[in-house]
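Here are some exercises to work through with the model open in your viewer. Try each task before reading its solution.

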Amino acid sequence: MASDIPRKKWELTSGFVHVCVLLISAGFWLFIGQISWWRTVLAVGLSFACFTIGSLAGFLFTSYGEETSTLGKVRDWLVGGLTGLTVANSGAIKALLLTFSFGPGPREFAITTSVAITYLGLGFFYMFFQRELIFNVLLARSRALRGQLDGTKQAGIATQKLLAGLPPALLAGIDTLDDTIEERKSEFEALRTILYADDVSEFLKQADEALSLGTATDWDVVAKAAYLNYYRTYYEKGEKREPQEEKAGEWILRALMMNPLHGDLTARYADVLWMRELYADAVATLERLMQSPEAPAYVQQWLGYFLLFVESREDDTIRLSQDYHKRFPDETDTFFNIANAYAKKYSQELMQQDVLSKTDSENRRRALENLKSGLKSQPDFAKTLREDSADPDDFLHVFFTDREFREIVKFESTNAKT
């Protein structure tokens, strides 16, 4: 409200000045007319013509920003043209003014010239102050809003295309983009094209610049920037991956500051925390979200997976995954989460008993049973299990030399001893 006070004062002052100038001009025109309507019409016509020319000159001289590339050239031409005109064609100017003269004689010409110069100056300064104090400010705001809307529209179209191209399992949180890219590379190269299109990159660049300048941005811009940066993390590799994860987390946090109850973005933020190996924070974020009625259904499945990376939470993974499967009987990804949880428990059991294997272990049996259940509907996932189990840090590595496991995932060689 305080910032509107100077503007209101200027509007009142400007209105008062307009009224005063109009009244003085009316009296001046009547005085010059000397009760002759023709003389009055000439005075009014000359005044308006000169005022208009002065306003056009003021408009050109106050051009800025995008206008300088077009109107700026006209202004330079006008300055040069007027300079040459006044020097070489002063006689023509005098002849033009004489056509507006109110009568013969030097005094009439003097009055005509004074009216022309006065209203040229009034027109110039009127437009100069209007542009500098009002019109340029409104124009700048309008251009900024237009640019913001254009960028938001482009980003919105890109986001819609991206979401339309993502499979339902990914949007539901069942699969990750990394897994899906491996399975359907050609399709997700098309998504990369959308994510890294010039208009999307320009939108994100403008959003970053607005943030660095402290410019206020609305929810639509922040939310789109958050989603686009989030999905870009899956395409960045090597040294570029970590900065992109941090950037995605920062934008999602800004969106959540504007809308703390947004369930999907909260889950995406937890995913970013998990990418950055902040497993406890990721789990805590999803557990808080689970208490909210706005929590998306896939949060329970995600939480069951994230808990695998937290010590002593295997039973919670099993419980949440089993509950999720009861809610959605057609999904089978939770079988692999449950198998991983039992594999962790089996590994701990072997360490406690200081043995290499234990064929009668209940944890081993349940882990392998769930692997079989998952592979019934996803037989192609066996290749991923074979590759992952070779990694010493993988949960299923405890089964790498297990004959039954190797038969389940169809290793070429199954002659390893249990």
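**Exercise 1. Work out how far the model can be trusted.**

Start with the chain average: pLDDT, the predictor's confidence in each residue from 0 to 100, comes out at 76. Next, 66% of the residues score at least 70. Now look at the weak stretches. Over residues 145-151 the pLDDT is below 50, and beyond near neighbours in sequence this stretch has seven contacts (heavy atoms within 4.5 Å) in the model. Residues 165-177 also stay under 50, with 35 contacts beyond four places in sequence. Where pLDDT is low, don't read the predicted coordinates in detail.

A word on ground rules: this is a predicted model, so local features need pLDDT of at least 70 and side-chain atom pairs 80 or more, while totals for chains, interfaces and linings use all residues. Residues are numbered from 1 along each chain as its sequence is written, and side-chain values use heavy atoms, leaving out hydrogens and water.

**Exercise 2. Classify the ring pairs Tyr230–Tyr234 and Trp274–Phe309.**

Rings of Phe, Tyr and Trp (its six-membered ring) pair if their centres lie within 6.5 Å; planes under 30 degrees apart are stacked, over 60 edge-to-face, the rest tilted. The whole structure holds 19 such pairs.

- Tyr230 and Tyr234: centres 5.6 Å apart and planes at 85°, so edge-to-face. Both are buried (under 20% relative accessible area; exposed is over 50%, partly exposed in between, with a 1.4 Å probe and protein chains only).
- Trp274 and Phe309: centres 5.5 Å apart and planes at 75°, so edge-to-face again. Trp274 sits in helix H12 and Phe309 in the loop between H14 and H15, 35 residues apart. (Helices are DSSP runs of H or I, at least four residues, and strands are E runs of at least two, numbered from the N terminus.)

For accessibility, Trp274 is partly exposed at 21%, and Phe309 is partly exposed at 26%. Both belong to one aromatic cluster, whose members include Tyr298 and Trp302.

**Exercise 3. Check the length of H15, then find its packing partners.**

The expected span is 1.5 Å times one less than the number of residues. With 14 residues, H15 should span 20 Å, and its end C-alpha atoms are 20 Å apart, which agrees.

Next, pick out the buried residues of H15, among them Glu314, Ile318 and Tyr324. The buried residues pack against H13, H14 and H16.
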